[in-house]
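Student: I have a model open and some terms to check. Can we go through them one by one?

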Amino acid sequence: MHSHAEMIGVGSYLPERRLTNADLEGMVDTSDEWIVTRTGIRERRLAEKGESTSHLAVEAARRAMADAGVGRDEIDLLVLGTSSPDMIFPATACLVQAALGLSCPAYDAMAACTGFVYALHAGTTAIESGRARTVLVVGADALTRHVDFTDRSTCVLFGDGAGAVVLRSSERPGVCGIALGTDGSGADLLGIPAGGSALPVTHERIDANLHKVKMNGNEVFRFAVRVTPKVALDALGQSGIDVGDLAYVIPHQANQRIIDAIAERLDIPRDRVFSNIATTGNTSAASIPLALDELYTSGQLSPGDLVALIGFGAGLTWGAAVVEWTKATPSKEA
Ligand SMILES: CC(C)(COP(=O)(O)OP(=O)(O)OC[C@H]1O[C@@H](n2cnc3c(N)ncnc32)[C@H](O)[C@@H]1OP(=O)(O)O)[C@@H](O)C(=O)NCCC(=O)NCCS
């Protein structure tokens with residue numbers, strides 16, 4: 001008898017340091033007006049000096065574990081979605097595992113901005129197969145470390161952060177449906193060309209800025225709007241849930257215009273499509289659990305609510321999960 005996976009804890013972490021559009025106006029040829037109208041972003045957070053992806057992940061994971069009321073001995077598996085690991089190897093999940101004092105296996109899922117949904121798929125599958133009872137799933141990125149702050153077309157978009165959930169085996173879903181997609185033929189549309197085994201770091205490559213994020217923004221935009229409604233419907237179809245049954249859709253926070261297009265294509269009212277991109281920017285694998293935590297802690301989620309989480313990103317990758325929320329609304333004093 002297969003069990004299901006439910007979310008019993010959620011937590012997130014944003015670094016203190018803010019980078020506003022006004023700050024960016026002093027760095028590249030841009031304007032607050034352009035950034036707000038083209039992306040919806042007003043400010044984003046930057047990891048502090050000395051703070052890396054693992055630090056962000058640890059803080060979010062601690063909060064999720066406290067929210068779930070689980071101890072470190074109870075975690076059977078840690079899966080971390082990130083594309084800005086502390087280093088090429090070891091996996092950032094190993095650093096997080098040690099910092100949290102866990103003794104479980106830990107690995108990274110690298111699916112760029114879809115990293116959290118991929119990690120959630122791995123955690124859910126481990127529980128459904130009976131190989132794990134409690135799984136810590138984290139999405140964390142510090143992509144501003146890899147952004148070219150002389151390239152106005154990318155540097156205005158990204159911010160740093162982390163979010164996490166604790167999954168536990170349960171009698172009833174929980175995670176009602178989850179679907180993933182990959183199209184590697186679009187790998188050149190978004191990524192960091194140098195620093196891996198294809199183009200190891202050299203002075204020349206650094207001089208050419210090949211160790212920084214490169215993106216074909218228009219193509220990525222079109223891809224996101226094309227694939228996300230379809231994968232959401234795939235995940236919904238797995239348990240016979242209609243779009244109209246959803247209390248909320250949480251799309252990956254990449255661009256407000258993409259979020260609006262997803263709402264329109266799914267034909268779901270705007271007030272049921274969550275957005276916090278104005279204050280976070282694109283935090284990559286962190287964006288969905290950050291948004292989920294904000295929705296939960298602000299008291300907007302009730303037990304029984306159905307929520308669709310929709311991710312997309314470099315790879316190209318995409319994925320969606322439909323979750324029945326089972327946690328009680330936190331009290332105001334919490
Ligand atoms: C990047 C993005 C915001 C650009 O918006 P856009 O409306 O497509 O703008 P374009 O790329 O067509 O550029 C329009 C003009 O604005 C300029 N521009 C680009 N960035 C600018 C900035 N920060 N400030 C001012 N002007 C800017 C361009 O140079 C271009 O000028 P030109 O017409 O003189 O060449 C948009 O394509 C996007 O969000 N794409 C998806 C990116 C994404 O989500 N990536 C992560 C996926 S997980």
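**Cores, a helix and the ligand**

Tutor: Start with the largest nonpolar core, which has 50 residues. Phe-223, Leu-246, Ile-268, Ile-310 and Phe-312 touch the most other members. Keep in mind that the model is predicted.

Student: Which helices and strands each supply at least two residues of this core?

Tutor: β8 (175-182), α8 (217-237), α9 (256-266), β12 (306-313) and β13 (317-324). α8 gives the most, with nine residues.

Student: Why is another set of residues called a core apart from this one?

Tutor: A nonpolar core is joined through side-chain atoms within 4.5 Å. The other core, of 35 residues, lies apart from the largest one. Among its residues are Ala-126, Val-135, Val-165 and Leu-309.

Student: What makes helix α11 mostly covered?

Tutor: Buried means under 20% relative accessible area. In α11 (residues 287-297), nine of eleven residues are buried, so the helix is called mostly covered. The buried ones include Pro-289, Asp-293 and Tyr-296. Gly-299 follows α11, and its phi is positive, near 80°.

Student: How do you know that Asn-218 makes a polar contact with the ligand?

Tutor: An N or O atom in the Asn-218 side chain is 2.7 Å from an oxygen atom of the ligand. The cut-off is 3.5 Å, so the pair counts. Trp-34 also has a side-chain N or O atom 3.4 Å from a ligand oxygen atom. That is within 3.5 Å, so this pair counts too.

Student: How much of the ligand does the protein cover?

Tutor: The protein covers 72% of the 960 Å² of accessible area that the ligand has on its own.

How values were computed: Residues are numbered from 1 along each chain as its sequence is written. This is a predicted model: local features need pLDDT of at least 70, side-chain atom pairs count only at pLDDT 80 or more; totals for chains, interfaces and linings use all residues. Side-chain values use heavy atoms; hydrogens and water are left out. Buried means under 20% relative accessible area, exposed over 50%, partly exposed in between (1.4 Å probe, protein chains only). Helices (H or I, at least four residues) and strands (E, at least two) are DSSP runs, numbered from the N terminus. A polar contact is a pair of N or O atoms within 3.5 Å; within protein, one must be able to donate a hydrogen and the other to accept it, and residues adjacent in sequence count only if both atoms are side-chain atoms. Accessible areas come from the Shrake-Rupley method with a 1.4 Å probe; for residues, only the protein chains shown count as cover.
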